[in-house]
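Here are some notes for anyone opening this structure for the first time. Have the 3D view at hand and go through the points in order.

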Amino acid sequence: MALPPSIAAAARACRPPARRGRRLPALWLFSDPVRLPDPRDAAAALPRGAGVVARGAMPVVLAGLAQVARRRGLALLVGGDGRAALAVGGGLHLPDRRDAAGVLPFLAARRAGRPGAVLTLAAHGGARAAARARRLRPDLVFLSPLFPTASHPGAPVLGPLRWLAAAAALRRAAGVGAAALGGVAAGTARRAPRGAAGLAAIGGLAQQAVAASPHCLR
């Protein structure tokens with residue numbers, strides 16, 4: 001799948017942070033156990049230097065995804081499992097409202113300077129998100145939802161102005177940049193905040209992503 005021009009332009013307007021002298025990706029593909037359980041094909045179509053956040057991927061899928069990431073020069077983060085992240089040489093993405101496993105071994109490897117040990121957090125704004133970012137000192141926060149999203153139909157959204165305010169609060173509290181996630185697609189990307197630390201999507205970057213319904217989210 002060719003990258004939609006509007007998403008490509010929005011990603012070019014991002015200002016991703018650097019970690020250990022290397023710039024983090026401006027564009028991220030998220031997998032999802034319901035909407036995109038196998039992101040390997042979508043990852044293979046990403047531009048070189050993009051990133052993938054694998055959430056709830058089966059071990060065989062994660063192993064194949066790690067191969068795609070190495071071949072395509074992609075950054076790979078594993079959602080909620082620090083040991084799995086270390087096993088594939090990737091980073092760790094911590095969810096906001098679910099427990100994570102293997103966090104302490106990952107943080108120890110990160111402090112020791114392990115290559116690729118990027119740490120990111122999910123956040124939805126507010127004082128709790130700022131306090132968590134201040135405590136964990138991640139490399140990047142994925143702040144959502146920017147726009148209405150099929151992953152959480154009917155959920156309140158931040159919108160561009162509130163997203164910018166929440167991102168500014170995170171930067172003041174913890175000195176961390178925020179990437180925009182939620183409802184990012186060809187038709188909405190032009191309204192994404194310019195200068196965000198990154199842009200992330202599920203369906204907007206994957207033809208095989210399916211629209212989630214309240215039934216399948218139960």
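The points below start with the overall fold and then move to one strand, the spaces in the model and a few backbone details.

1. Before anything else, keep in mind that this is a predicted model. Everything below is computed from that model.

2. Let's begin with the barrel. Eight strands close up in the order 3-4-5-6-7-8-9-10, and their pairing is parallel. If you look at how neighbouring strands of this sheet sit against each other, the average turn is 25 degrees, with direction ignored. As background, strands of a sheet pair through backbone hydrogen bonds, and the pairing can be parallel or antiparallel.

3. Strand 7 is a good place to settle in. Is strand 7 enclosed by the rest of the structure or open? Five of the five residues of this strand, which covers residues 119-123, are buried, so strand 7 is largely enclosed by the rest of the structure. The cover is on both faces: one side has Leu119, Leu121 and Ala123, the other has Thr120 and Ala122, and all are buried.

4. Now for the neighbours of strand 7. On one hand there is strand 6 (residues 91-94), which runs parallel to strand 7 and is joined to it by three bridges. To find the pairing by eye, look for leucine 94, whose bridge partner in strand 7 is leucine 121. On the other hand there is strand 8 (residues 140-143), also parallel to strand 7, with four bridges between the two. Here threonine 120 stands opposite leucine 140 of strand 8.

5. How does the chain get from strand 7 to strand 8? It passes through helix 6 (residues 127-136), and this β-α-β crossover is right-handed. There is a right-handed β-α-β unit on the strand 6 side too, made of strand 6, helix 5 (residues 103-111) and strand 7.

6. One step further round, strand 8 pairs with strand 9 (residues 178-181) over three bridges, in the parallel sense. Valine 141 has alanine 178 of strand 9 as its bridge partner.

7. On to the open spaces. The largest pocket has a volume of about 950 Å³. It is lined by 40 residues, and the closest to its centre are Arg55, His124, Ser144, Ser151 and His152. Sorted by class, this lining has 19 nonpolar, 13 polar and eight charged residues. Remember Ser144, as it comes back in point 10.

8. The second largest pocket holds about 520 Å³ of space. Which of its 23 lining residues lie nearest the centre? They are Arg22, Leu74, Ala75, Gly116 and Val118. Strand 2 (22-23), helix 3 (59-72) and strand 5 (75-79) each give at least two residues to the lining. By class, the lining of this pocket divides into 12 nonpolar, six polar and five charged residues.

9. There are closed spaces as well: the structure holds two cavities of 30 Å³ or more. The second largest cavity, with a volume of about 30 Å³, brings us back to strand 7. Its lining is made up of Asp96, Leu121, Ala122, Ala123, Ala129 and Arg132. Strand 7 and helix 6 are the elements that give two or more residues to this lining, and the largest share, three residues, comes from strand 7. Four of the lining residues are nonpolar, none is polar and two are charged.

10. Finally, the backbone details. As a rule, most residues other than glycine have a negative phi, and most peptide bonds are trans. Against that background, look at the bond between serine 144 and proline 145: it is cis, with omega at about -5 degrees. Proline 145 sits in the loop between strand 8 and helix 7 (159-174).

11. Two arginines also deserve a look. Arginine 20 is not a glycine, yet has a positive phi of about 50 degrees; find this residue in the loop between strand 1 (18-19) and strand 2. Arginine 137, also not a glycine, has a positive phi of about 50 degrees and lies in the loop between helix 6 and strand 8. How exposed is each? Arginine 20 has a relative accessible area of 55%, so it counts as exposed. Arginine 137, at 44% relative accessibility, counts as partly exposed.

Conventions:
Residues numbered from 1 in each chain as written. Predicted model: local features only at pLDDT ≥ 70, side-chain atom pairs only at ≥ 80, totals over all residues. Heavy atoms only, no water. 1 Å grid on protein atoms, 1.4 Å probe; cavity = no way out; pocket = protein on both sides within 12 Å on 5 of 7 lines; lining within 4 Å. Points joined across faces, edges and corners; volume = space filled by probe spheres on them. Nonpolar A, V, L, I, M, F, W, Y, C, P; charged D, E, K, R; others polar. Buried < 20%, exposed > 50% of the residue type's maximum accessible area, 1.4 Å probe, protein only. Pairing = 2+ DSSP bridges. Right-handed = clockwise from strand over helix to strand, strands pointing away. Axes fitted to C-alpha atoms, helices over the stretch in contact; angles between N-to-C directions.
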